[in-house]
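Welcome, and thanks for taking a look at this one with me. Here are my notes, set out point by point so that you can follow along.

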Amino acid sequence: MMNNSQRQLMTTCTTPKFATSDGFQQELRRRVESFFENTGRSERDCPSMYLKTVLILGWVATSYLALVFFAETWWQALPLATSLGVAMAAVGFNIQHDGSHQAYSSCGWVNKLMAMSLDLLGGSSYVWARKHNVVHHTFANITGHDDDIDIGFFGRLSPYQPRMAIHRLQHYYLWVLYGFLPIKWQLYDDFRDVATAQIGEHRFPRPRRGDLVTFVGGKLAFFLFAFVVPLCLHPPWFVLPLYLVASIAQGLLLSIVFQLAHCSEDAAFPLPKPETGRMESAWATHQVESTVDFARNNWWLSYVIGGLNFQIEHHLFPRMCHVHYRAIAPLVEETCREFGVRYMTHASLRSGIRSHFRWLRQMGAPVSSISAAMKSPRPESS
Ligand SMILES: [Zn+2]
């Protein structure tokens, strides 16, 4: 069901249309619903999620307080800044992401509150909801529509983007730039998006009233915690490098998790037919085939990154709390097999990272072409 935000975006630009459903989505939904009925689990408001929220927020608060008020030497400050960056990424993966997708609770205000944790991290929950929930989740890996695969001239992530000479080295330098993503986000991207009222090809309404207060208040609160308070207690040459360390730790983790799911050799990058604007696949099939799971047996990784190693399940059921992804994954995989939908997964984090590296190298190579990108998946990674 399309919500108001989606409608506002959809009506302001030419958007690809998905093929009519072939029954895959309905059957999958039916099986997942009977899973919840049979197990007595609740899709949202899960006690383990509330406990996790307390643990992660405690991790952020402890790292921040120890770093700002107690660290006196570099050997104390560096691990604390790294811990703070990883904890901030964990807030994003777990609390903010579920809240923004309305997957955290059945109460709207609880979801809103959890989504607003992003404002304290320096990002805008208002812009994120439109950029991620609407644009990315509807048009995953569709070039010209999915803003997540458009990083400008810095990199070529899709076979349909123009190649520049510098992209030949992108499989090396992009890992460094990934670390700077939060800084760009905090200081530039949100302001640009709100000023232009546009995300890629898609226009969106600027924040007003309460949303505007949250946008401005969130940015001010972030600058207060990130710069004003630390600079009252420490010199700039101590504060600014540690801000960089925390941001790089956060950015690397965020970027790697999101890139592994969509920018790999095994993810599809289909385009709508130029004459009709229609996609070949139905929406649910498109979500599965443009996404890749990784390291599904790594419980600790899954816990920290909010189940986002199960991105296929997330894309199919974005309003389901992430603590259930592991349990429904076999169901999803089996249904995909029955309906002939390509379901890809990397056995480990390492194999996912290697696949992303090869994809970047392939997209940056002078001989890279659409046909090379569309070659059949590598059997070793599934
Ligand atoms: Zn999402």
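1. Which helices and strands each supply at least two residues of the lining of the second largest pocket? They are helix 4, helix 7 (125–138), helix 8, helix 9 (181–196), strand 2 (198–199) and helix 11. Please keep in mind as you read that this is a predicted model.

2. Let us stay with that pocket for a moment. The second largest pocket holds about 1,000 Å³ of space, and 42 residues line it. Nearest its centre you will find Asp148, Ile151, Leu181, Lys184 and Asp189. Helix 9 provides the largest share of the lining, with 9 residues.

3. Next, the metal site. Five histidines coordinate the zinc ion, each through its NE2 atom: His97, His101, His132, His137 and His314. The distances run from 2.1 to 2.2 Å. If you would like to trace these donors along the chain, look for the spacing H-x3-H-x30-H-x4-H-x176-H.

4. Are the zinc donors His101, His132 and His137 buried or exposed? His132 is buried, at 3% relative accessible area, and His137 is buried too, at 5%. For His101 the value is 7%, so this residue also counts as buried, the cut-off being under 20%.

5. His101 deserves a closer look. This histidine sits in the loop between helix 4 and helix 5 (108–115). Leaving aside residues up to four places away in sequence, His101 touches His132, Asn133, His137, His314, Pro318 and Arg319. His132, His137 and His314 from that list are also zinc donors. You can also compare His101 with Ala129: the two are 28 residues apart in sequence, and their C-alpha atoms are 7.8 Å apart in space.

6. Now for the nonpolar interior. The largest nonpolar core has 29 residues, and those with the most contacts inside it are Phe93, Leu157, Leu174, Val257, Phe294, Ile305 and Leu360. At least two residues of this core come from each of helix 4 (74–100), helix 8 (170–178), helix 11 (236–262), strand 5 (292–294) and helix 16 (349–364). Helix 11 gives the most, with 5 residues.

7. Phe93 is a good place to start exploring that core. Not counting residues up to four places away in sequence, Phe93 touches Leu253, Leu254, Val257, Phe258, Val304, Ile305, Gly306 and Leu308. There is also a second, separate core, made of 23 residues, and Val60, Leu67, Ala77 and Leu84 are among them.

8. What about the cysteines? A search of the whole structure finds 0 disulfides. Why is Cys46 not bonded to Cys321? The closest cysteine sulfur to that of Cys46 is the one in Cys321, but at 4.1 Å it is too far for a bond, because a disulfide needs the two sulfur atoms within 2.5 Å. Cys46 counts as buried, at 5% relative accessibility, and Cys336 is buried as well, with a relative accessible area of 1%.

9. One last residue to find on your own: His346. You will see this histidine in strand 6 (residues 344–346), where His346 counts as buried at 1% relative accessibility. Ser264 is 82 residues from His346 in sequence, and the C-alpha atoms of the two are 10.0 Å apart in space.

Technical notes. Residues are numbered from 1 along each chain as its sequence is written. This is a predicted model: local features need pLDDT of at least 70, side-chain atom pairs count only at pLDDT 80 or more; totals for chains, interfaces and linings use all residues. Side-chain values use heavy atoms; hydrogens and water are left out. Donors are N, O and S atoms within 2.8 Å of the metal (3.2 Å for Na, K and Ca); water is not among the atoms, so sites may look incomplete. Buried means under 20% relative accessible area, exposed over 50%, partly exposed in between (1.4 Å probe, protein chains only). Helices (H or I, at least four residues) and strands (E, at least two) are DSSP runs, numbered from the N terminus. A nonpolar core is a set of buried Ala, Val, Leu, Ile, Met, Phe, Trp, Tyr and Cys residues joined through side-chain atoms within 4.5 Å. Contact means heavy atoms within 4.5 Å. On a 1 Å grid over the protein atoms alone, a cavity is a set of points where a 1.4 Å probe fits but cannot get out, and a pocket is an open set with protein on both sides within 12 Å along at least five of seven lines; lining residues have an atom within 4 Å of a point. Grid points are joined across faces, edges and corners, and a volume is the space filled by probe spheres set on the points.
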